[in-house]
Amino acid sequence: MSAHGRQADPVEAHAIKPHPAEAGPAEADPVEVYIADLTALLHGPARAKARMIEEIRDGLTETVATHTRGGSAPDRAADDAVREFGTPEELAPVCQRELTIAQARHTAWAVSLTAPFLTACWYLISSTAHGQDGLVPRTAQLLATQLTAVIGAIALLAALALAVTGTLARRLPTPHRLPLAIAWVGTTAGVVMGIATLTLAIASLLATDWPLLALAGAFAAVSHAVVAPSARACRRCVRLAFASPPSSGGVAGH
C-alpha cells in the first residue's frame with residue numbers, strides 16, 4: 001500500500017506547472033497564452049526571437065491598457081487586444097520571415113568570420129605539401145588549390161549577403177530567395193570545412209611539419225562547428241518561412 005502510494009508522488013510533482021492555456025479560466029492570462037503559443041511557432045536566433053517576442057508582448061500590454069482606460073474590464077480588455085492582433089497562426093508567418101532574415105545574417109557572419117581561417121589552413125597545406133613525396137601530400141596540395149577558390153567565392157557571397165540584408169536593405173527590398181541562398185552557401189562552407197578537417201588530420205600523420213597541420217586542422221574543426229549548426233538552423237527557418245504564403249494582415253509588420 002505505501003509502496004504503491006509512493007509511486008504516484010513523481011507524477012504529482014510533474015503536474016505542478018501547467019501550460020498557461022491549461023490553467024483554470026480564472027488563472028489563464030490571454031496575453032501570456034498568446035505569447036506562449038506564438039513563441040512555440042517561431043524559430044530563429046535566440047536574441048532576435050526574444051527581442052521580437054518582447055516587442056509583441058509590449059504591444060499587447062499597451063493595447064490592453066488602452067482598452068482598460070476606455071472603460072473595459074481587464075479580462076475583456078485582454079481578450080479584445082488579442083483579437084485585434086490576430087491569431088498566433090496568422091501572425092507567425094510575418095514574424096518568421098523576419099527571423100529567417102536574421103538567421104541568414106547570422107550564418108553569413110559565421111561564414112565571413114571563419115573563411116579566412118580556412119583559407120589559411122589550405123595555404124598551410126599547400127606550402128607544407130610542396131616538395132614532399134607521397135600520395136597524401138600531393139593529394140592535400142591538390143585539394144588546397146581547388147578548395148581555396150571555392151572558399152574564397154563562398155566568403156565573397158557571404159559578404160554580399162550581409163550588405164544586401166544590412167545597409168542596402170534600408171533602400172532595397174531583400175530578395176525573397178536570398179535566405180535560401182545563404183543557407184546553402186553556409187552548408188557548402190560547412191562541407192568544405194569538414195573536408196579540410198579530415199584532410200589536415202590525415203596529412204598531419206604523415207608530414208614532417210605535423211604540429212602546424214594539426215593546429216590548422218583544429219581551426220578547421222572549430223570553423224565547421226560554428227558554421228554547420230548555423231547553416232542547418234537557416235535551412236530550417238527557410239522551410240518554415242516558405243511553408244505558408246505571406247500574410248497581408250497582422251499587427252506585427254514592424
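Asp-80 is buried, with a relative accessible area of 12%. This value, like every other one here, comes from a predicted model. Asp-80 takes part in two pairings, one with Arg-76 and one with Arg-83.

**Charged pairs in helix α5**

Arg-76 and Asp-80 form a salt bridge, with 3.3 Å between the closest N and O atoms. Both belong to helix α5, which covers residues 74-85. They sit four residues apart, or about one helical turn. The salt bridge from Asp-80 to Arg-83 has its closest N and O atoms 2.7 Å apart. Here the spacing is three residues, again about one turn of α5.

Why can such spacings bring side chains together? An α-helix has 3.6 residues a turn, so residues three or four places apart point the same way. Side chains of opposite charge can then pair when their charged atoms come close.

The partners differ from Asp-80 in their cover. Asp-80 is buried. Arg-76 counts as exposed, at 53% relative accessibility. Arg-83 is exposed too, with a relative accessible area of 58%.

**Helix α4 and its salt bridge**

How many salt bridges does the structure hold? There are five. One of them joins Glu-54 to Arg-57. These two residues lie in helix α4, residues 46-69, three positions apart. That is about one turn of the helix. Glu-54 and Arg-57 are also linked with Glu-32 in a network of salt bridges.

Neither residue of the Glu-54 and Arg-57 pair is buried. Glu-54 is partly exposed, at a relative accessible area of 39%. Arg-57 is partly exposed as well, at 22%. The cut-off for buried is under 20%, so Arg-57 falls outside that class.

The table sets out three of the salt bridges.

| Pair | Closest N and O atoms |
|---|---|
| Glu-54 and Arg-57 | 3.7 Å |
| Arg-76 and Asp-80 | 3.3 Å |
| Asp-80 and Arg-83 | 2.7 Å |

Helix α4 has 24 residues. At 1.5 Å a residue, α4 should span 34 Å. Its end C-alpha atoms are 34 Å apart, which agrees. Which residues of α4 are buried? They are Ala-48, Lys-49, Met-52, Ile-53, Ile-56, Leu-60, Thr-63, Val-64 and His-67. Just after α4 comes Gly-71, which takes a positive phi of about 110°.

**The whole chain**

The chain contains nine helices and zero strands. Read from the N terminus, its elements run α-α-α-α-α-α-α-α-α. The chain has 254 residues, and 36% of them are buried. Its accessible surface comes to about 14,600 Å². Carbon and sulfur atoms account for 64% of that surface.

Many contacts join distant parts of the sequence. Among contacts with a separation of 6 or more, 75% are between residues 24 or more positions apart.

**Two nonpolar cores**

In soluble globular proteins, nonpolar side chains tend to be buried together. The largest nonpolar core in this model has 28 residues. Leu-118 and Ala-189 have the most contacts inside this core. Four elements give two or more residues to the core: α6 (88-129), α7 (135-165), α8 (178-206) and α9 (210-242). Which element gives the most? It is α8, with 10 residues.

Ala-189 shows how this part is put together. Leaving aside neighbours within four places in sequence, Ala-189 is in contact with Val-111, Ile-151, Ile-154 and Val-227.

A second, separate core has 20 residues. Its members include Tyr-34, Leu-42, Val-64 and Ala-77. Val-64 is also one of the buried residues of α4.

**Thr-100 and a surface patch**

Is Thr-100, in helix α6, buried or exposed? Thr-100 is buried, with a relative accessible area of 3%. Not counting residues up to four places away in sequence, Thr-100 touches Pro-179, Cys-237, Val-238 and Ala-241.

Some nonpolar side chains lie at the surface instead. Phe-117, Leu-215 and Phe-219 make a nonpolar surface patch of about 300 Å². Phe-219 is found in helix α9. At 40% relative accessibility, Phe-219 counts as partly exposed.

Technical notes. Residues numbered from 1 in each chain as written. Predicted model: local features only at pLDDT ≥ 70, side-chain atom pairs only at ≥ 80, totals over all residues. Heavy atoms only, no water. Buried < 20%, exposed > 50% of the residue type's maximum accessible area, 1.4 Å probe, protein only. Contact = heavy atoms within 4.5 Å. Areas by Shrake-Rupley, 256 points an atom, 1.4 Å probe, with all protein chains shown as cover. Core = buried A, V, L, I, M, F, W, Y, C linked by side-chain atoms within 4.5 Å. Salt bridge = Lys/Arg side-chain N within 4 Å of Asp/Glu carboxyl O. Patch = residues over 30% accessible without salt bridge, like charges linked within 9 Å, V, L, I, M, F, W, Y side chains within 5 Å. Expected span 1.5 Å × (residues − 1).
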